[in-house]
Amino acid sequence: MDKLLENEDDRVTGRAVVTGSATYAAEHQVPGTLYAVLTGSTIAHGTITAMDTRQAERAPGVIAVITHLNAPPVPGYEPVTARITKPEGGKGMQVFGGPYIYFNDQPIAVVVADTFERATYAASLVKATYQKEKPETDFTINIEERPAVDGPRFKDSTRGNAEAWKTAPVQVSEEYILPIEVHNPMELHSIIALWDGEDKVTVYDKTQGVISTQRSIMSAFKLKQENVQVFAPFVGGGFGSALRTWPHEIAALLAAKKTGKPVKLVLTRNQMFTMVGYRPFTKQKINLGATADGKIIGLSHEAHSITSPYEVFSEGVINISKTLYDIPNVFTRYQVHPFNVSTPTWMRGPGEATGAFALESAMDELSYKLKMDPLDLRLANHAEKDPESGKPFSSKFLKEAYQLGADAIGWRQRNPLAASMKEANMLVGYGLGGGLFNASRGTAKAIATLGANGNLVVQSAVSDSGPGTATAMVKVAANNMGMPQDKISFELGDSSLPPGPTQGGSTTTSTLGSAVHIVTSALKAKLIGLAKKSKTFSSTLANAHRPDDLVAEGGMVYLAENKSKSISFGELMKEQGLTEISAMEESKPNEKMKGYAAFSYSVHFVKVLVHPLTGMIKIDKVVIAGDAGKIISPKTAESQMIGGAVGGIGMALMEEGVLDHRYGRWINNNFADYHVPVHHDVPLIQALFVDKPDLILNPIGAKGMGEIAIIGFAAAVANAVYHATGKRLRELPLTPDKVVA
Amino acid sequence: MADNNFLPEKNDNFLCPSRRNFLKQSSLITALAMAPPALVKASEQGLDEKVASLFENQSLRLTVNGVQKELMVEPRVTLLDLLREKLHLTGTKKGCDFGQCGACTVHVDGHRVLSCLSLAVMQDGKQVITIEGLTDGENLHPMQQAFIEHDGFQCGYCTPGQVMSAVACVQEGHATTREEAREFMSGNICRCGAYPNIIDAIMSVKEKGGSHA
Amino acid sequence: MLNFDYVRPTTQQSALNAIKKNKNSAFIAGGTNLVDLMKRGVATPEKLVDISRLPMKEISLVSGNIRIGAGALNSTVAENDLILKNAPLLSKALHAGASPQIRNMATVGGNMLQRTRCPYFYDTALPCNKRAPGTGCSAVEGYSRMHAIFGASNACIAVHPSDMCVALAALDAVVVIANNKTERRLAFTDFHRLPGDKPNLDNNLQAGELIIAVEIPEKNLFSEHTAYVKVRDRSSYAFALVSVAAALSLNGNSIREARLAMGGVAHKPWRLTAAENFLRGKSATEDIFKEAGRIAMQDAKAYPGNKFKLTLAPNAIIEALKQAAGI
């Protein structure tokens with residue numbers, strides 16, 4: 001059946017994207033749309049004592065200026081009676097919910113005008129008077145001594161003896177720092193909101209989950225599900241920043257409500273750093289203890305991260321230490337500490353990527369102490385079953401991935417000694433780093449409709465921020481139906497469709513792909529049912545030995561043992577007078593999975609060139625090998641892995657959010673000063689897959705890929721820089737100043 | 001490009017009364033015409049400002065994708081916002097609005113520029129080509145086709161800017177090697193990380209004999 | 001952005017007259033920095049005088065000099081044959097700056113007049129003596145990673161961000177300036193100024209003046225052995241941590257003359273005269289270049305955030321000299 005797919009690997013969104021006709025959130029043409037622009041606070045901590053909006057209101061074209069003093073009520077908000085002093089989980093910022101300022105650039109007003117230029121200028125005229133308090137943002141100094149958030153998620157965890165590492169003959173004990181990193185998808189977060197009466201609203205929004213956005217709006221404004229319509233046909237990247245509903249979205253809904261007109265709100269690039277989350281600063285301490293032959297006996301992993309004063313954010317920073325290697329004694333501690341910053345959120349690879357930087361760096365350090373190849377150290381501590389739960393893995397082909405990657409980069413051909421290799425005037429280094437991410441399958445509903453013209457439409461309420469969901473789902477449907485892809489389309493980005501998952505946590509293909517597989521199977525069953533009722537086909541049935549054994553495939557129903565005995569889908573539908581036939585199914589997590597642990601795995605091999613005088617690091621070659629189950633769409637899968645590596649290059653070499661702690665204010669919240677990789681930073685990247693199905697997890701055999709593409713990458717680079725220079729860098733990013741220091 | 005004698009300096013105030021000049025005159029007029037309480041009220045409501053704003057637009061002639069446009073715009077409107085918000089040509093993207101990402105790249109008189117840092121009024125009389133103008137009817141430009149074939153995008157948001165830049169990069173002769181193309185495409189950021197595929201697309205177009213926009 | 005009046009005069013004279021009429025007016029050519037500053041409310045001109053179509057874009061030989069019109073685009077200059085042949089260092093520096101699209105917009109005059117990239121200058125919510133004289137310098141005790149190690153004052157430690165200007169400073173260029181009555185010539189190294197107690201002034205251009213051209217001697221000693229090394233946080237489209245323009249005139253392995261200037265280290269392109277003098281007559285060896293780097297650093301003073309420049313800057317000098325000498 002796979003032969004069918006040859007030359008059909010291009011993205012189904014291709015033409016729309018390259019011609020500019022793909023429509024992103026701010027680009028929907030809604031007649032009479034007004035423009036809304038947010039004004040942010042200029043302090044990080046304090047209370048607004050007065051707002052001066054007169055100048056803004058007088059400015060040409062201004063329709064409304066909304067602040068906490070005149071904002072329409074948000075019924076789902078809890079009444080604000082005092083400053084929040086104890087952050088809680090899942091409590092997002094209540095925009096215009098009171099005079100209290102928790103972070104710099106917190107929205108204090110939204111200005112609505114008839115043009116973008118007028119709204120922007122008027123927003124700069126809004127002034128607030130504050131009672132200032134000293135902001136606390138300096139998480140870089142002794143964060144572990146700062147007050148931490150309590151709760152079950154922050155309990156220390158011990159497997160075996162927490163201090164076993166101390167008894168080992170060979171030890172590594174080091175600290176690793178990861179700065180704030182910011183998602184910065186290319187599309188600015190945007191929304192167009194329009195109310196139809198008091199209790200019905202439509203939004204065109206940038207979201208990784210049309211259903212989750214629908215639910216957030218329902219709960220904020222106490223609306224019925226059928227009265228909240230969310231559209232997101234194209235999403236210009238997210239990497240986690242569009243996983244939740246943010247204050248600017250509620251602000252736009254309020255502005256639309258207040259003016260009675262459609263309102264468009266587009267964040268500025270500066271606001272992308274302060275309003276839609278970021279990967280939090282994290283300081284980690286790793287202790288590893290091993291026998292002289294490289295068997296690790298103990299590991300402790302302590303991580304300290306930041307959150308906002310009003311909301312607890314947590315992620316799986318220490319998870320990787322519990323499961324990546326077969327280590328009998330593991331202690332983990334994870335704490336988050338509130339500062340005057342906005343709430344962080346999951347960013348690609350989330351906590352696992354943060355944790356992997358520390359663990360995989362420490363593993364490399366241990367390998368040099370042991371005088372053992374870093375790859376051999378990993379093989380010596382390979383986990384055959386999940387060390388944390390004791391369960392078998394649903395599938396694990398990490399060793400195969402190691403082999404693929406090592407062969408492709410020539411790992412065994414390098415000189416393993418640090419600072420031993422040169423090319424011209426550059427120091428040469430090879431490094432590796434890997435990781436895992438939970439492979440999961442959630443609940444999803446899809447509907448499949450076959451028309452009399454033979455075209456199949458599959459639909460589900462998901463959105464695609466880049467991986468190519470529609471492309472992959474068309475392939476799943478094509479594979480199951482045995483139909484050519486050009487007869488199939490997948491529709492998404494509309495909350496009125498059957499509910500699909502939020503695109504995050506590397507689960508879309510597994511979750512939604514299962515639903516598409518199941519719904520197309522249900523459709524086939526219906527077609528077989530029609531065949532059984534068919535008058536023209538009944539003679540064939542009567543002659544069959546096993547009349548139940550019918551197959552629906554390739555546009556026809558036929559006898560399993562004799563394909564020439566067939567009837568086309570079209571004829572079956574015509575017979576019944578049907579113009580279309582459809583099936584809707586819900587796919588749920590597999591019961592069988594309860595007995596298994598399921599993860600995707602990756603390993604990154606990197607070759608770097610380090611210029612000894614200027615400290616500039618050039619990534620010369622990258623090989624990523626992944627165990628992501630069955631690869632559904634090879635072309636887009638490869639691109640997704642390459643993209644993760646590019647994100648990893650940013651994380652390793654250049655990304656760092658900087659605040660001036662005197663003001664608690666961002667210093668580099670723009671694309672010139674917050675560096676992300678450009679073309680010239682990126683070499684050829686080879687993405688390789690083991691490509692073996694995990695049929696325990698789901699019927700299509702796919703695990704996830706988005707996260708593992710970046711998890712462990714930064715460590716691979718830092719390890720390669722050590723191999724090149726003999727200098728161990730434990731604080732990201734690896735900028736020239738650190739290399740020459 | 002012929003310099004059409006737009007707004008000759010010596011009498012520019014007559015041809016296009018500015019908002020500030022209007023304000024100066026209008027406060028006189030209103031002072032004469034209104035009783036003091038009315039004057040105070042008008043000022044409080046910002047009526048002067050609002051009436052004056054009508055005079056802020058300037059005329060602009062522009063050829064966009066071969067179609068001549070006659071427009072009235074505020075001088076502060078950028079070419080990017082003009083395209084997206086007034087002409088509804090949303091293929092040109094806003095990624096940063098400060099010249100730091102390349103998503104807004106268009107061709108003006110045949111050269112790739114950033115429309116977010118280009119004031120629309122300064123483009124008077126010029127030829128603008130956007131991504132929408134790159135296709136020849138139903139036929140994709142070779143660079144557009146190559147982006148699809150080489151999977152030169154994921155989310156697609158930076159893609160129009162990348163394509164416009166890539167077409168120019170080949171035309172300029174800056175795609176002789178992968179290394180050169182990487183340097184001369186570095187003004188176009190792609191956060192999904194489609195870079196190697198984009199360079200593949202560019203090199204394939206280059207090898208097939210370049211591109212013609 | 002505050003709205004403004006816009007005029008597009010057709011002659012240099014009418015442009016100069018226009019700018020003189022309104023104190024709060026500004027010239028605009030490429031707009032790559034000015035529009036940025038206006039969007040952020042850092043620059044708020046009431047009137048823009050568009051000089052982008054004035055006939056001052058030519059690159060030609062005038063009495064033994066390569067005369068580059070101030071309106072010439074950065075991309076045009078970088079690929080001009082006269083420049084590539086006689087002043088390849090300028091081409092290298094231009095190609096190290098910004099992006100192809102920005103180089104297609106930015107002019108030579110505009111490049112010279114671009115403002116610092118100090119983050120405090122761009123944020124109207126924070127103190128900055130350059131933007132708002134008398135409010136204080138946020139960088140001195142704040143974020144100073146990108147800041148000056150030469151010639152700074154307590155009032156301002158910002159750096160000039162241009163690459164092009166570093167090469168022009170090294171090449172002994174001359175700036176031709178006009179007002180509505182007359183023209184004057186100024187050594188390129190005297191064009192930009194140190195902050196002192198007036199960091200709001202980046203250069204010595206007077207009100208009502210317009211840069212009309214930059215000149216480089218056609219016959220110069222530096223058409224062969226040149227290098228521009230730019231150390232930055234990513235390999236393209238980023239401002240310099242430090243940059244070095246190096247030009248050598250070699251007789252075999254012996255240095256006849258040397259020109260050295262740095263970017264990212266001072267309020268103006270920083271010419272390293274003492275190191276140049278040291279290099280004259282010496283052999284082109286790594287040891288000699290190391291000593292030149294050491295000499296160049298004699299007056300350097302770092303701030304808490306940019307101490308690394310005391311190592312990185314001399315290293316970059318050594319690298320640039322090695323590349324220029326081809327060793």
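# Exercises on a predicted model

Asp620(A) is found in strand 28 (residues 617–627) of chain A. The structure used in these exercises is a predicted model.

## Exercise 1: the surroundings of Asp620(A)

Decide whether Asp620(A) is buried, exposed or partly exposed, and list the residues it touches beyond its sequence neighbours.

Solution.

Step 1. Count the neighbours: Asp620(A) has 17 C-beta neighbours inside 10 Å.

Step 2. Apply the cut-offs: a residue is buried at 20 or more such atoms and exposed at 12 or fewer. Asp620(A) therefore counts as partly exposed.

Step 3. Leave out residues up to four places away in sequence; Asp620(A) then touches Lys607(A), Val608(A), Leu609(A) and Pro683(A).

Step 4. Take one of these contacts, Lys607(A). Lys607(A) and Asp620(A) are 13 residues apart in sequence, and their C-alpha atoms are 5.5 Å apart in space.

## Exercise 2: a sheet in chain A

Describe the open sheet with the strand order 3-6-1-13-10-11-12 in chain A, and then the pairing of strand 11 with strand 12.

Solution.

Step 1. Seven strands form this sheet of chain A, and the pairing is mixed.

Step 2. Find the edges: strand 3 (62–67) and strand 12 (228–231) of chain A each pair on one side only.

Step 3. Give the twist, which averages 20° from one strand to the next.

Step 4. Look at one pair. Strand 11 (residues 201–205) and strand 12 of chain A pair in the parallel sense, over four bridges. In this pair, Thr202(A) stands opposite Gln229(A) of strand 12.

Step 5. Add the helix: helix 4 (residues 210–221) of chain A lies across strand 11 and strand 12 of chain A, and runs at about 145° to strand 12.

## Exercise 3: backbone exceptions

State what sets apart the backbone at Pro733(A), at Ala419(A) and at Ala98(C).

Solution.

Step 1. Recall the usual case. Most residues other than glycine have a negative phi, and most peptide bonds are trans.

Step 2. Start with the proline. The peptide bond joining Leu732(A) and Pro733(A) is cis, with omega about -5°. Pro733(A) lies in the loop between helix 15 (713–725) and helix 16 of chain A.

Step 3. Turn to Ala419(A), where phi is positive, near 55°. Ala419(A) is in the loop between helix 9 (398–409) and strand 18 (421–423) of chain A. With 17 other C-beta atoms within 10 Å, Ala419(A) is partly exposed.

Step 4. Do likewise for Ala98(C), which has a positive phi near 50°. Ala98(C) is in the loop between helix 5 (88–96) and helix 6 (100–103) of chain C. Ala98(C) has 29 other C-beta atoms within 10 Å and is therefore buried.

## Exercise 4: where chain A touches chain C

Find how many residues each chain gives to the contact between chain A and chain C, and describe the side of chain A.

Solution.

Step 1. Chain A gives 29 residues and chain C gives 24 residues.

Step 2. On the side of chain A, the elements giving two or more residues are helix 3 (116–123) and helix 16 (736–740).

Step 3. Sort the residues on this side of chain A: twelve are nonpolar, nine polar and eight charged.

## Exercise 5: an outline of chain B

Summarise the secondary structure, burial and contacts of chain B.

Solution.

Step 1. Chain B has nine helices and five strands. From the N terminus, their order is α-α-α-α-β-β-α-β-β-β-α-α-α-α.

Step 2. Of the 213 residues in chain B, 55% are buried.

Step 3. Consider contacts in chain B between residues at least 6 apart in sequence: 61% of them join residues at least 24 apart.

Note on methods:
Residues are numbered from 1 along each chain as its sequence is written. Chains are lettered from A and ligands numbered from 1 in the order in which they are written. This is a predicted model: local features need pLDDT of at least 70, side-chain atom pairs count only at pLDDT 80 or more; totals for chains, interfaces and linings use all residues. Two residues are in contact if their C-beta atoms, placed from the backbone, lie within 7 Å. Ala, Val, Leu, Ile, Met, Phe, Trp, Tyr, Cys and Pro count as nonpolar, Asp, Glu, Lys and Arg as charged, and the others, Gly among them, as polar. Two strands pair if DSSP finds at least two bridges between them. Axes are lines fitted to C-alpha atoms, for helices over the stretch in contact, and angles run from 0 to 180 degrees between N-to-C directions.
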